[in-house]
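Biologist: I'd like to zoom in on just one piece of this model and really get to know its surroundings. Could you walk me through it slowly?

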Amino acid sequence: MAKIWLVEDDQNLANLTKVALAKKGYQVMVFYESLQVLAEAKKQKPDLILMDVMLPGQSGPETVTALRNDPNFRNIPVIFLTALLSTEESALGMTIDKVNYKTLGKPYDIKRLLEVVETSLIKK
Amino acid sequence: MNKKDKKLLFVASFDDASILRKFTILFLVASILPMVLLYYIYAQNSRHGHIGINPANFTIAMVLMVLGVFVGFISMHSLLKKVVNISKENSKALGNILSPDTVKELNQGENEIVILSRSFSAVTQQLEEKNKKLRSMYELQKDFTSMVSHELRTPLASIKMAVELVAEEAVGEINIEQKEILGRAQQEADRLKRLIDDILYLSKIEADKLQMNFMIDDLHRVMTPIVESQKYVAQSRGLYLKTEFDPGVPQLSFDRDRIIQVLNNLLSNAIKFTKEGGITVKTLNKISENCVVVSVVDTGRGISQEDLPKLFGKFQQIDSAQENVDGGTGLGLAISREIITRHSGKIWVESKLGVGTAFNFTLPIKEIKSAKISSFSPYSSTQKRGQDA
């Protein structure tokens with residue numbers, strides 16, 4: 001049962017996404033802001049991170065950059081969730097520090113969400 | 001008034017005089033004075049018996065000089081007259097850009113070159129100020145667009161997810177009636193999603209924020225797969241979809257993805273509003289106007305003359321009930337128009353009630369010198385970087 005960290009500041013969306021993933025058997029931990037993630041990162045690591053782009057305080061990309069400083073987190077797949085791009089734009093992914101990350105544009109279908117999560121975990 | 005003041009006044013008024021007047025005075029002084037001097041010297045010489053010059057030759061020389069002066073005067077005068085006219089026209093045109101008081105101030109005095117240079121400075125200043133205003137508006141627009149995008153999409157994401165969880169029976173079984181009702185909610189949520197996408201897209205194009213990627217390409221080769229994919233939809237509604245491509249259409253410079261967007265929009269509209277018969281996609285090389293005309297002609301019910309001007313407006317729907325069922329956003333044509341305008345083309349509609357409608361757009365034929373040539377690949381514009389196929 002893969003462990004997924006979901007970093008999303010909108011509580012409704014976070015809870016609904018957690019339900020959708022949990023029903024498929026994933027263990028989901030929800031964080032509402034960057035500091036919580038970085039604190040937990042010192043104790044354990046997940047198999048996959050779903051990261052919202054716009055967060056209070058440090059943004060999603062900034063948080064990922066900070067996490068990558070830890071060698072344990074260098075190979076954990078990260079998928080960005082964003083409301084800033086259209087479906088067309090999010091298909092191109094997001095590039096941070098010359099690395100291209102998959103992006104899921106909001107609103108996303110459960111089907112699409114599960115597809116992307118599955119593919120990322122297999123790759124790992 | 002003392003002598004010094006009079007002298008200053010004369011110099012100032014001379015400086016401020018019309019360039020034509022100044023030129024005439026200066027030219028006459030500069031040309032006639034030496035001629036008078038020359039004649040005086042000749043007259044003195046002949047009186048004292050020193051005839052060094054043949055009188056006849058001297059007369060010819062004088063005549064030629066006078067002619068030269070005359071021709072020089074006429075040509076310079078007409079040249080300066082043109083400058084005076086430019087200044088007058090400019091003063092008239094300024095009325096459209098600057099306030100009447102400013103224009104009056106600028107036109108003080110009679111020296112046309114001074115007036116012209118004053119007005120150039122004033123207009124440049126105005127343009128700089130307007131540019132500053134526009135730039136800051138664009139920045140605001142960009143932030144507002146991002147805000148709107150985020151604020152609208154986030155709650156919509158929750159709504160869609162909640163409906164989908166129940167509809168997919170992830171949280172318990174539901175009956176057919178419940179499923180159907182939730183299905184409608186999902187449809188509307190999807191429609192809202194497309195609407196937000198279209199609004200933001202249109203907003204970006206209008207704010208000139210969308211980069212067009214012009215490449216030299218074969219229009220027919222780009223259009224054919226789009227027509228083929230829409231053929232299936234047309235045929236499922238019992239309509240034909242054919243092409244009449246002009247073989248004389250040359251290579252053109254255009255943004256492939258945007259033109260595909262326009263074509264898809266026009267085709268889906270045509271299919272939507274045609275009940276029998278079908279749609280023809282035509283291209284024509286209009287040499288006389290140095291452009292290519294693309295037409296999407298349908299045998300639909302047509303559009304009344306009074307409705308025609310409204311079509312390219314935002315959220316304009318001719319038959320709202322029908323449009324809603326088919327999930328249109330009402331922005332497709334507005335977006336298409338922006339795209340074609342950015343291509344320096346025109347887009348227009350011709351229609352006859354009961355006969356059909358033709359949507360047409362033009363793409364200019366530009367000189368192919370340094371533009372990029374497209375290496376046609378079906379996947380080049382929709383590369384899914386970082387994603388598995």
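How many residues of strand S3 (residues 48–52) of chain A are buried?

Modeller: Five of the five, so to speak: S3(A) is mostly covered, with each of its five residues counted as buried (under 20% relative accessible area, against over 50% for exposed and partly exposed in between, with a 1.4 Å probe and protein chains only). Before we go on, this is a predicted model, where local features need pLDDT of at least 70, side-chain atom pairs count only at pLDDT 80 or more, and totals for chains, interfaces and linings use all residues. Residues are numbered from 1 along each chain as its sequence is written, chains are lettered from A and ligands numbered from 1 in the order in which they are written, and side-chain values use heavy atoms, leaving out hydrogens and water.

Now look at the two faces of S3(A). Leu48(A), Leu50(A) and Asp52(A) point one way, while Ile49(A) and Met51(A) point the other way. Both sets are buried, and that includes Asp52(A).

Then there are the neighbours. On one side, S3(A) runs parallel to strand S1 (residues 3–7) of chain A, and four bridges join the two. Trp5(A) sits opposite Ile49(A) of S3(A), and Val7(A) opposite Met51(A). Strand S4 (residues 78–82) of chain A is also parallel to S3(A) and likewise joined to it by four bridges. Met51(A) turns up again here, because its bridge partner in S4(A) is Phe80(A) (strands pair if DSSP finds at least two bridges). So Met51(A) has Val7(A) across from it in S1(A) and Phe80(A) across from it in S4(A).

How does the chain get from S3(A) to S4(A)? Through helix H3 (residues 60–67) of chain A: together the three elements make a right-handed β-α-β unit (clockwise from first strand over helix to second, with the strands pointing away from the viewer).

Step back and you see the whole sheet, an open one of six strands in the order S2-S1-S3-S4-S6-S5 of chain A, with mixed pairing. Strand S2 (27–31) and strand S5 (94–96) of chain A stand at the edges with a single partner strand each, so one side of each has no neighbour in the sheet.

As for the chain around all this, chain A comes to five helices and six strands (DSSP runs, H or I of at least four residues and E of at least two, numbered from the N terminus). From the N terminus on, its elements read β-α-β-α-β-α-β-α-β-β-α. Of the 124 residues of chain A, 51% count as buried.

One more thing in chain A is worth a glance. The peptide bond from Lys106(A) to Pro107(A) is cis, with omega near -10°. Pro107(A) lies in the loop between strand S6 (99–105) and helix H5 (110–123) of chain A. Most peptide bonds are trans, and most residues other than glycine have a negative phi.

On the phi side, chain B has a pair to check. Glu169(B) has a positive phi near 60° and is found in the loop between helix H5 (112–167) and helix H6 (176–206) of chain B. Glu169(B) is partly exposed, at 31% relative accessible area. Asn290(B), also not a glycine, has a positive phi of about 55°; its place is the loop between strand S4 (278–286) and strand S5 (291–298) of chain B. Asn290(B) is partly exposed too, at 46%.
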